[in-house]
Amino acid sequence: MLKVRGLKASYGASRVLFDVSLDVASGEVVTLLGRNGMGKTTTTRAIMGLLPPQAGVIEFNGRSVAGWRADRIARLGIGLVPEGRQIFPTLSVRENLVATAADRNAARSPWTLPRIFGLFPRLDERQGQAGKTLSGGEQQMLAIGRALMTNPDLLILDEATEGLAPVIRAEIWHCLEAIKAEGQSILLVDKNITVLERLADRHHVIEKGRTIWAGTRADFVRERAEVHRHVSF
Amino acid sequence: MDKARGSDPMKKSGSPRWRGFLPLVGLVLLVALPFAAQAFGQSALTSLATRMLILAIAASALNIALGLGGLVSFGHAAFYGVGAYAVGILTTHGASGMPFLGFVPGSEHLAVNLLVAMSVSGIVAGLIGALALRTSGVPFIMITLAFAQMLFFFFVALKAYGGDDGLSMRRRNALPGLNMRDDVTFYFTSLTILLAWLGVSARLFHSRFGLLLGGIRQSERRMQAIGVPTVRYRWLAFVLSGVGTGLAGGLMAVFGRFVSPDMMHWTQSGELLIMVVLGGAGTIFGPVLGAFALIGLETLLAGWTEHWQIILGPALVLMALTFRGGLARLGRSEQGP
């Protein structure tokens, strides 16, 4: 579904990505792990067309999308839950969800408002509230719901539980498990190895803008100490 | 309008219950105005109010670009003038019986001419928008201003249609069954068109299109990352805004039986911007209040002293500082941008 090879990207003169490669197959949950400042968010930005890559291959569903505009890439079927949530603060919960809703995946039964509210009952209770009045965890749920409402082939979550209370984190991880059970392909960018070990099918570790380790869940369990050395502080 | 959402779908703010009745009170006053003016022997008031109504349509149309789309256009006078000239030229050819360009028949029918004015303004807005929307911020302001000035000088040079002196029409356009020469009839025609336009505007603000534009205004890149072709939506807002401004221009041409390049001068664009900002950008009724406040103040001061602009300037600054977010947000617990 998603294939990234030898991705290079910079912010002006400052090179951030030197050689990032990763794969996500249909129905898989894949992680991109790494410490802060190693290029995880930059990788998602380059995949989404928010930062033009300087070299490398980005293929989505067999189409080379490197250098495409962000909206074209998203319409191909990638839903991004960006770092810091970035919901629309003055729109209501319901408006946030319906404004950008689309049906980009004809194969699966589409995500609809009732299904989103079933997944996140807290959002159901706050349908009419402005986005900015929600708690951090609720805003994160809204951001995930908003991305799901575009019915993407691939859902990318950048630091989905960053800065949230442990109880809210657990709730979000639980929801992601439910989304996975629906057959949704997910690329997770995070640092929470313990939970990801259980949730993901494959893992990638990046360090200083390069993919330095990639493997299956079994590889991950076998080489846990090695992975922890690159990811943990 | 959706009571739960107030007049501005982008702002969720607490509003006292009495605010919900204000549009109704305003409508009653507007309906009563020409009769009251006649009763008190102040018939000129009806003409002044008609001008206010027409400019309110223009300001409300600009509000779609500015308040909804976040597009600070300093060239909307171009669409106002183009709409006016479309009506003026068609009317002139309709009266003379000579087709425009040898094959386009003229018309003195108000509905036909206003439809043509809206179409021509929409096309011009589409062309200007396609180029101007490649930029944003100050360059966008400058490009829209430049296009408006280009059109201004084009019509100044267009001697066949009066050039600098403008174009006079023998009589007002007609509507079957109505005596458009009667100022009160024309007032109510203008009021009906304004109400229809506000209805369209309200539908637009509360539609998915409106929500998307609100999102684009808050963060264009975020919208792009969700797959929204933001330039296309902003362009459409710009074109719709141009259509409404052209409608107002055409109506003003019929009302005054006169069109001149001054209608597309940059000062006219500035006036429309002041009306929207003063009344409340992004609100449904704000531009109407802004148009009434600005024209009312101008008329009041001009009747008092010939140096009225010296007073108008500071008065506008004071009003902008006092009513932050615009007149339409007065009394709300949360004020505008």
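Two strands pair if DSSP finds at least two bridges between them. The exercises below concern a predicted model.

**Exercise 1.** Determine which strands pair with E7(A), in which sense, and which residues stand opposite each other.

Solution. Start with strand E6 (residues 78-81) of chain A: four bridges link this strand to E7(A), and the sense is parallel. In this pair, A:Ile78 stands opposite A:Leu154. Next take strand E8 (residues 185-190) of chain A, which runs parallel to E7(A) and is joined to it by five bridges. Here A:Leu155 is opposite A:Ile186. Finally, add helix H7 (residues 166-181) of chain A: with E7(A) and E8(A) this helix makes a right-handed β-α-β unit.

**Exercise 2.** Decide whether the faces of E7(A) are covered or open.

Solution. In a regular strand, side chains alternate between the two faces of the sheet. On one side of E7(A) are A:Leu154, A:Ile156 and A:Asp158, on the other A:Leu155 and A:Leu157, and all are buried. Both faces are therefore covered, with 20 or more other C-beta atoms within 10 Å as the criterion for each buried residue.

**Exercise 3.** Check the length of helix H12 (residues 308-322) of chain B and state its exposure.

Solution. The helix has 15 residues, and at 1.5 Å a residue the expected span is 21 Å. The end C-alpha atoms lie 21 Å apart, so the two values agree. The number of buried residues in H12(B) is zero, so the helix lies largely in the open.

**Exercise 4.** Describe the hairpin of E9(A) and E10(A).

Solution. The strands, residues 202-207 and 210-216, pair in the antiparallel sense over six bridges. A:His204 stands opposite A:Ala214. Two residues lie between the strands, and A:Lys208 takes a positive phi near 45 degrees.

Key. Residues are numbered from 1 along each chain as its sequence is written. Chains are lettered from A and ligands numbered from 1 in the order in which they are written. This is a predicted model: local features need pLDDT of at least 70, side-chain atom pairs count only at pLDDT 80 or more; totals for chains, interfaces and linings use all residues. The expected span of a helix is 1.5 Å times one less than its number of residues. A residue is buried if 20 or more other C-beta atoms lie within 10 Å of its own, exposed if 12 or fewer, and partly exposed in between; C-beta atoms are placed from the backbone. A crossover is right-handed if, with the strands pointing away from the viewer, the path from the first strand over the helix to the second runs clockwise.
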